[in-house]
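Me: I'd like to learn how to read a model like this one. Could you walk me through it, feature by feature?

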Amino acid sequence: MISVRKAELGDIDFITEGIVQAEKSGTEILGYSKIFQLSETEIKEIIQQILEEEIEGQEWYLPYFFIAEIDGQRAGSLCAWVENSGGHPGSLIKAQAMAYFLGEKWHNNSENIGLISRINIPRAAGQIQLECIYTHPNYRKMGVASALIEHAVNTLQETTGANTAAIQLMGNNHAALKAYEQCGFLEARRSEDLGDSVLHLLPGSFKIEVSKHLHG
Amino acid sequence: MDKQEIITKLETLFRNIFQDDNLIITESLTANDVEKWDSLSHLTMIAEVEKSFGIRFKLKELIGMKNVGDLIDTIQEKRKF
């Protein structure tokens, strides 16, 4: 039996692991490490610092996270929010927080940054956004992700009245795409495909946004 | 450093980062108005502004910035000391 609850401070380590694994998108490539030329440990420290600061309006805001449990054990996590509800895009707020915690540690590689910008799909204001969807390896194929998605969408639809939910993923992540399609999400937008030459930097060469219209 | 000097310096930085030679700095300018202004170029912009003006933003200052006017005011405030 899967239960879903709001995340708490004690979940930060689990959520951080979930964010990193979701970013890797089923590969061993952590884009943030490659872009900023930092280790996975350093990236995890920055994610934890942002989660602890509780900066609203961007995806790494602790109150946006839900935790799925099976037999009292954490089985998965996801974050969900309504984009731009505060009038400022979540991606820019996250970039501002990252700029602070990265400080002078990172090396500006404009070529890598330019590449990643090319597969960016801007999030639509007013839509429910689902991100960092993660299932712990011990609980795969048990419906954890779909339970999290259903709970988060229902909760946010009820509290905000939003009528569309969207998920962005790497286009090469066929398993995730199939799982989201089974939850009723359909491809809505697709970025430029940068080809295999970027696969040393990113877990995929293009992005897809899937979305679902929610009935009132 | 007065406001006009900050604007002139920012304009050069912004034109370079966002690859737009015609970009004009106004106080109401936001990412919505500039084609290449996304999350990653935003991060680059913050790092370049800090380096160029010799300042370090506080987290609260960064999160409070909603447009270029806020950025100019924060730079001006920090350059007073």
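Reply: We'll go through a sheet, a helix pair and two single residues. This is a predicted model, where local features need pLDDT of at least 70, side-chain atom pairs count only at pLDDT 80 or more, and totals for chains, interfaces and linings use all residues. Residues are numbered from 1 along each chain as its sequence is written, chains are lettered from A and ligands numbered from 1 in the order in which they are written, and side-chain values use heavy atoms, with hydrogens and water left out.

Me: Let's start with the sheet: in what order do the strands of chain A run?

Reply: Strands of a sheet pair through backbone hydrogen bonds, either parallel or antiparallel. Here seven strands make an open sheet, ordered β1-β2-β3-β4-β5-β7-β6 in chain A, with mixed pairing. Strands are DSSP runs of E with at least two residues, helices are runs of H or I with at least four, and both are numbered from the N terminus; two strands pair if DSSP finds at least two bridges between them.

Me: Which strands stand at the edges?

Reply: β1 (2-6) and β6 (186-190) of chain A: each has a single partner strand, so one side of each lacks a neighbour in the sheet. On average, neighbouring strands of this sheet are turned by 30 degrees against each other, direction ignored.

Me: What about β4(A), and which way does it run relative to β3(A) and to β5(A)?

Reply: β4(A) (residues 128-135) runs antiparallel to β3(A) (residues 73-82), with six bridges joining them. Its link to β5(A) (residues 164-170) is parallel and has three bridges. For one spot to look at, take L130(A), which is the bridge partner of A80(A) and also pairs with I167(A) in β5(A). Eight of the eight residues of β4(A) are buried, so the strand is largely enclosed by the rest of the structure. Buried means under 20% relative accessible area, exposed over 50%, and partly exposed in between (1.4 Å probe, protein chains only).

Me: Now helices: how do α1(B) and α2(B) cross?

Reply: Two packed helices are described by the angle between their axes and the distance between the axes. The axes of α1(B) (residues 3-17) and α2(B) (residues 39-53) come within 10 Å and cross at roughly 140 degrees. That makes the pair oblique. Angles under 35 degrees count as roughly parallel, over 145 as roughly antiparallel, 65 to 115 as roughly perpendicular and the rest as oblique. Axes are lines fitted to C-alpha atoms, for helices over the stretch in contact, and angles run from 0 to 180 degrees between N-to-C directions.

Me: Which residues of α1(B) meet α2(B)?

Reply: Among them are L10(B), L13(B) and F14(B), facing partners that include M45(B) and V49(B). Contact means heavy atoms within 4.5 Å.

Me: Is L71(B) buried or exposed?

Reply: At 4% relative accessibility, L71(B) counts as buried. It lies in α4(B) (residues 68-78), and its contacts beyond four places in sequence include L10(B), F14(B), M45(B) and V49(B).

Me: And where is K24(A)?

Reply: K24(A) sits in α1(A) (residues 12-24). With 6% relative accessibility, K24(A) counts as buried. Setting aside residues up to four places away in sequence, K24(A) touches I29(A), L30(A), E40(A) and P203(A). The C-alpha atoms of K24(A) and L202(A) are 8.1 Å apart, although 178 residues separate them along the chain.
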